[in-house]
Every structure is written in structure tokens, then in C-alpha cells.
Amino acid sequence: MKCVLFLYSESDSAKAEQLKDYLQGKLRKVADLRNITDILAEEQDFKKELSRSSCVVLTGSRHASSLIQNKRQEIEDDLITFDVKVIHGEFTGNKELVDRLVIVFFTERTKNDWIPTGLDERRIFNLQGEEIQRGNPSLDHLEDCIKGILTGKTRVSSLVSQHNKPKNPWVHQRQNKGLSWNRAMDEVHVERLIQQYKDSGELDGEDPALLMLKQWPASKQFKDNPEKLPGLEQQINRHLEILLESELNSDKRYGKFRDTVDKTKKTLMHYAAEHGFLHVTKTLARKLPLLLSMTTEDVQKPVKKRAMLPVELAIASENDDVAAFLVRVMWHGRVQSLFSWTPGKMTNPKPSLLSFKGITENPKLKKTVVAVLDQMINPHWPYLPQRQENYETEEEREAIEGVWKTITDDPLNYHFYFHILDGDKDGQPPKIMTLDGYWQIDNKYFNWRDSSCLHTIAKSNNKEALQHPVVRMLIKTKWKRYGHLFLSLQAALYVIFLLCLSYSLLHASTKLDPTHYSGALDLLRGFCEIVTLLMVVFYTCEEIYQIRIEGRSYFTQWMTLFDWLGQLFILCIIPLRYMDLKAQWMVTSLAFLFNFMRIFKFSCLSRTTGLYTQTLAKIILHDVTRSMAVFVVIFFSFCGALTLSLCYSGSSENQELRGFGDVLLSGFQALSDQYPMVEDYSTFNWLSVLLMMAYMGTVTVILLNILIAQMSTTYTQAKQVARLEYDVDRILQLTRMERFPFLNLRVKYYKEGDWISEMNLAKELLEFSEDRNPWESVEEKLCAIRCHTSSWKKPLLGGALRDISKNDWEGFVTTGNGKDEKDGETDEACAILKRVSVYIKLRH
């Protein structure tokens, strides 16, 4: 196998080793990558190995160049780890070896860096600031270059055809200005694309930006290899940033540019959203924010298509990251309108453009769901004077601007919107406002049979959405207004059912003939039996109705098994009793057990019992079932072996254990009752004694202790997720009540939104935090909640898009807002005054 030799100084060893490991994974089938340490370990001659290597990768830096030019060696433990004398001597005047050399710079390249004479500039790579990871186009170029040297072919990877590659003179000119090789290559490439566009007569179909976003991803190279798309996106993003700063965009033409060849007239943002190019989308949102609000055009033939925003196209293409970003940079009112119906004049209402219920049901759009929930929160600073463009007096300006400069970073309260979560699949709310805007009336177009988005979130297993403040506060609001009350009434009714069931069954067990009624107690038993049967019929009808509404999802709940078994066993008692069969008491026993187990469905009445029940259920489901499976295998294998070994002693000597059934019973009693398997072990042969000892030791010592350790671990893990499961349980109980006929709870107790103070928000979100100090002060709780909400709160206010002109900004804030993510900046870095400026323009 061919060899690739890596040479680097001690100061470059960390990055060089990382690059070596990356390339070894890529080139493992064609070459073996070695360094000086490998050569020294095998006690080989470095000069000979250098001349034998098929390719040499040298890490260039100021320190390495200084060592080579001054012929100073690096020595560690009396071993030469960077033999610059050999390197300088072998590469000087040796054209054959120079043709096998590749130089990689991890720092900025300077004019004084050592480059051997005759080295092709295309074999010098600048990886300054580059991440060594899959999808990096610079690493793809480097890999292709090394493969070309190993195969004897010149390979320099590019995203365009060979005649479009930039030539060295133009690249050298830019390098002399201090640009890196990659940046210089990108600029020359973009200039070539612009020149080709001008030579073609400046046709819109030949526009460089459209060429990159439409034709490159659709090429066969990337259709057949979708794993290369991340690298293509980075390449396009670099080219696009240069293009947007070029003369071609001097009049902001790309802010209004459309693909005239396409029937829907897509913009650049539409193509970026459709392909899932997140970095390109961020660049366009920062440079050209007006693209966020531009839609495609309606198409009637051959297939009818409505006009769509970029965010709608991203959601339709299931590009979760792009869709979530676009949702967050839009104005919250605009986002809510996408998921809400259009009532018009109430004569022909139109459904929402996007179905939030459909998004929550899609497991590929979990981040988008959370982003939409973020936009259902509107921070509020009360008692603020309105800013003006021109003030009448200097005193007025100083007073108003002085107030705005004293605003704290955190709002005093928040307005939470619930209408989308409570709406049906078409975004229609249960109630609407009257024309005067003071009263709410029932919405006759609302379909109460549709499950709410809140119910869909509970079923979606989207933990981040379940923990979102909007979902949590809506659950709390519903629970306080009617959920807890109605569930308490149901629990009380079920307790009455259990009392009637208990008396009727237990009193009947004392009678020789349960079908004979005489005396007051029997009459009371008959009354309890009638009440029990009526409630069984009622509960059966309720379960059938739930199956009709929920469909297949009904059978995913384990408690429904207890519901049906408990009711069926009660109904089976009647024919068995009048047939005077003894089997009635077995059925009665099971009916009593399963109906009492059903009471756990009301455990969420209290937070304490709810969390405990969820934790207990997880322990039983995960640990007890697995341990029981292992125990059954061991139990049957040892009991079977013991039964066969006892045959050696003769049946007359072992009267207590006459068969497999007796051994099974004795083995179980030995564990549960600490009862010896037999009274006299003298009749046991040596093999039977060993088997019994091995059985007892395996079960009581090993399995039991493993089960205890597993239960301890599971309890800790289950305790962390019990709150989520408790919330899910409450949501399912609430939605089950809301869809119950005649009550109409979802409409009756509908609430469009609510004002939530920071303190109330802190109490709710920190309620289940077990690591909170019970004696912490109010200020400590507020600090905790501010840290907790920093991830979703500040994007709501929008960030300052620094590269937007005043006219563009004024037009942009009418449709949406954005956040600056240039150079990796976070929302916390945005100045409060800029966020307040955005907030005021959006409100006034």
C-alpha cells in the first residue's frame, strides 16, 4: 500500500494530528498515513522513508518556516522529531519529490513562509479557521489533491467545469493583498461568473446567484451524492457573500430578483429554503431581509399552486433547521397569521395557510414546532412613552429618550397566545370576537371533534415542545379552570363505583347461593349490583366513543387494557353466576383486581401522586419486566434440571418432590416464604444439592442485587422525565374531557391568551426543579427564570440586522423582524437599545 508522510513541528502537532486522523479515514483503502513518530518507533531511516513516500504533507507555519530556513532541528528525548536539514536538502532542486509535496497552512500565510521552488500553488492549502470535519469543501479539495498524486493524475476538485477555474495570476494578486488562498480563489471564481453573465447579455436565467442556487444543487453530481450537499452549501454561501457585495448588487437588485424562467417566480430565499441551505438562508436574511416577506406567484396550470413564502416552502420540504430559523426571524403576528384562519366577512372563511397540527404530527419538524411556540410569546414593557421621528422641543426629546435608555433587559410581563394551540386543524378558534371587539361568541365554523394541537404535541414525543412555557401555561390555565374540578368529580364517581362493586362482590362471596336475595343486606347488595352494571354500561359507552374519536392511538395507552378487562370480567360474572359454575369466583377475583387498578388513571389529580405513579410505572416497565424474564429462564432451567437429577435417587426416597410441578412450587416457596424445598435433604444426591445451591445463589444474590441496582438507576432517570409524563397525562385527561359530548368544555372555557408576570412564570417553570433550594429568595428565582428563558425570550424581540439600509429596514419591519447571526454572534450580544427600537417599530 502506498504511503503518505505527514511532517509537522511541535507547535502544529494538535491540528496536524487531527487532519491526519481525518484523512486516514478517507484514504484508508488507498494509502497508509504515517508521521515521524511512526518512523522512529520502527527505527527506520527518515531520509529513505521520505524518498520512498508516495506523497508528503508538510504543515506550514511561521515557526516551521523559521526552522527550515535556519536549518534548526526539533529534538525530544534525544530523538529528532522535525529534521529540517533533511527536509530542506531533499526538497531543494529535487523536482520529482517536490511534485509529491502538499503544504497545509493552519495559520495566515506570509511572504516569508518557506515554499520549495517549483511547487504548484494549487497544492498549497490554507485551512486557517477551518473546521476539520465532514462536509468542508477545503478538505475535499485537499483529499482530491492527495488522491491525484497517489494515482499519478492531477486532481483539483471544483464545483464548476475546468474552463471556469480561476488562473493563478489573479489569485496571486489577491494573495499579495493579504487574502487567504481560498478567499482569493472564491473572489476570482465569482468574478468569472459575473463576467460570463455579462457576456451572455445579462439574461436573468444566467444570473450567477440563480446559477448557484438552482443549477448546482440540481446537477447529477449532487443528486447522486446528497452527502456532498453540505460542502456545496458552504461553497455557495462564500460565493454569495462576495456576490452580494459586488457591483452586480450595487442597487440591491437581488432584494427584488426573481427567477423569470420558473412559473412561480421564486426568489433566492425560496431556493435556499427549498434545498435546506441554512447558512445561505441566514446570509440572505441578513443582507436582504425583504426576501423574507416575498411570495411566489400563483399558478393555475398544469397543477394549481398558491403563492408561498420561503418559510412555507421550507416546511413543505421538511427542512427543519431552515424552517425554524425563518419562523424565528419573522414578526410574531405574521407567523401567527400563517397558522390562523381568515374569517373574512364570515360568509366564506378560509382555513389557515399552514396547519400547525400537521407540523406537530411530523417528526421531522420538531425544531419548527418549538420556533412557532416561541412566536406565541410577546414580551411587554408597560408605561412607555411613544417615540417620535421629530420632537417639538429638546426637553421632550431628552425626557422620552431618557426613559427608553433606562429600560431593563427583561420585560415586566409577557402576553401568551393560546388560540393556535386550541384551534382545529384549519386554524379556526373555538370563539371569535364580536364586531365591537368587547365580547366573544361561539365560532360556528369550529370543529370541536378535531383534536387540538395541544393533544397532538402530547402524542408527538417532542420533549422540548412539551416543556415550552406556552404549553406549560396553557396546561396550567386549563387545569385550574376546569380540569382539576371535572377530574375530581370523575374520581369521586369512580370511588362510588368501586364501593358498590366491592360490597356486591364481597357480600355475595359469603352466600351459598348468590342468586338468592333475602333480607335488607341482600336488597342493598342487589341495589349495588344494579348501580355497578349501569356504571359499567356507561363506562363501556364512553370507551367506545373514545375509540371512535381517537382511532388507533387509543390502543397505545396501557390503561385502556385495564379499562376493558375490568368491565368485561364484570359482565362475565352474570352468566357464570346463574349457571352456578365455580369459575365465577375466579372471574370475580380478576374483576375486582383490574377495576381497582383502574383508579391509577386518576393519579394526576395531585402532583405528588402523579409524579410517583409515573416513576413507579417506568420502574415496573423497564426493570421488573426484564428481571422477570431473566428469572423465568433461570427458574425453569434449574427446576427442570433438579427434577431430572432427582430421578437418580428413586421416586420412593423423594416423596415431597414427585414431579416437575412440585419442584416448581417448592422452588418458588423457597424464595417467597423462605421455606426449605424439602424437610430432609439427605435423600438428595450430590448433583441435586449443587443445582439447588446454584439456583438459590443465582437468584437471591446475583439477580436480586442487580435488580436493586437497576431500580435505583431507573428511579433517578425516571424522576427527571416524570414531570414531562405527568404533563402528558394531564393533557390527555384535558383533551378527553374537551371532546366529551354535551359538555363542550373547549368552547365554554376558551381563552385566546393571557398576561403572565415574570414571577408567575418563574413559579411554573421552576416548580418541578428538584435541585432548587427551598429557601431561595424571590430575586434568586427571577435570576433563574431569566437564565432559563434566555434561549427563547430574546429572539422574540428581534435583533438588529446591521447591514440593512434605513429604507430597507423601514420596509422590513412592516412584515417581520430578524436577528443578526453574523460571525457567530448570539442574541445575547445584541444591544438592548437596538432590540427596543425594533420592538417599538413593530408595535407603533
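Reader: OK, taking exposed to mean over 50% relative accessible area, buried under 20%, and partly exposed in between, is Asp580 buried or exposed?

Author: This is a predicted model, to be clear from the start. Asp580 has a relative accessible area of 63%, and the cut-off for exposed is over 50%, so Asp580 counts as exposed.

Reader: Where does Asp580 lie?

Author: In the loop that links helix 26 to helix 27 (583–597).

Reader: And what about phi of Asp580?

Author: Phi is positive there, about 55°, although Asp580 is not a glycine.

Reader: What's the story with phi of Glu318?

Author: Glu318 also has a positive phi, near 60°, and is a residue other than glycine. Its place is the loop between helix 15 (310–316) and helix 16 (320–329).

Reader: How accessible is Glu318?

Author: Glu318 counts as partly exposed, because its relative accessibility is 32%.

Reader: Switching to the big picture: how many helices and strands are in the chain?

Author: The chain has 35 helices and twelve strands. It runs to 844 residues, and 49% of them count as buried.

Reader: How much area does the chain expose?

Author: About 43,000 Å², with carbon and sulfur atoms supplying 57% of that.

Reader: What share of the contacts comes from residues far along the sequence, 24 or more positions apart?

Author: 68%, if you take the contacts with a separation of 6 or more.

Reader: Now the sheet. What's the strand order?

Author: It's 2-1-3-6-7, an open sheet of five strands with parallel pairing. Strand 2 (31–35) and strand 7 (124–126) are at the edges with a single partner strand each, so one side of each has no neighbour in the sheet. On average, neighbouring strands are turned by 20° against each other, ignoring direction.

Reader: How many bridges join strand 1 to strand 3?

Author: Four, between residues 2–7 and residues 55–60, and the two strands run parallel. In one of them, Phe6 has Val57 of strand 3 as its bridge partner.

Reader: What does helix 1 touch when it packs on the sheet?

Author: Helix 1 (residues 13–27) touches strand 1, strand 2, strand 3 and strand 6 (101–105). Its direction makes about 165° with that of strand 2.

Reader: And helix 7, what does that one touch?

Author: Helix 7 (residues 137–151) packs on the sheet against strand 1, strand 2, strand 3, strand 6 and strand 7. The direction of helix 7 makes about 165° with that of strand 6.

Reader: Changing topic: which residues make the nonpolar surface patch?

Author: Tyr517, Leu533, Leu568, Leu571, Ile574 and Tyr578, which make a patch of about 520 Å².

Reader: Which helix gives the most to the patch?

Author: Helix 26 (residues 559–578), with four residues.

Reader: And where's Leu533?

Author: In helix 25 (residues 520–550). Its relative accessibility is 31%, so Leu533 counts as partly exposed.

Reader: Last one, Ala718: buried or exposed?

Author: Buried, because its relative accessible area is 1%. Ala718 belongs to helix 30 (residues 686–738).

Reader: What does Ala718 touch?

Author: Leaving out residues up to four places away in sequence, Ala718 touches Thr615 and Lys618. Leu611 is 107 residues from Ala718 in sequence, yet they are 9.4 Å apart in space, C-alpha to C-alpha.

Definitions and conventions:
Residues are numbered from 1 along each chain as its sequence is written. This is a predicted model: local features need pLDDT of at least 70, side-chain atom pairs count only at pLDDT 80 or more; totals for chains, interfaces and linings use all residues. Side-chain values use heavy atoms; hydrogens and water are left out. Two strands pair if DSSP finds at least two bridges between them. Axes are lines fitted to C-alpha atoms, for helices over the stretch in contact, and angles run from 0 to 180 degrees between N-to-C directions. Contact means heavy atoms within 4.5 Å. Patches are made of residues with over 30% relative accessible area and no salt bridge: like charges are joined within 9 Å, nonpolar side chains (Val, Leu, Ile, Met, Phe, Trp, Tyr) within 5 Å. Accessible areas come from the Shrake-Rupley method with a 1.4 Å probe; for residues, only the protein chains shown count as cover. A salt bridge is a side-chain nitrogen of Lys or Arg within 4 Å of a carboxyl oxygen of Asp or Glu. Buried means under 20% relative accessible area, exposed over 50%, partly exposed in between (1.4 Å probe, protein chains only).
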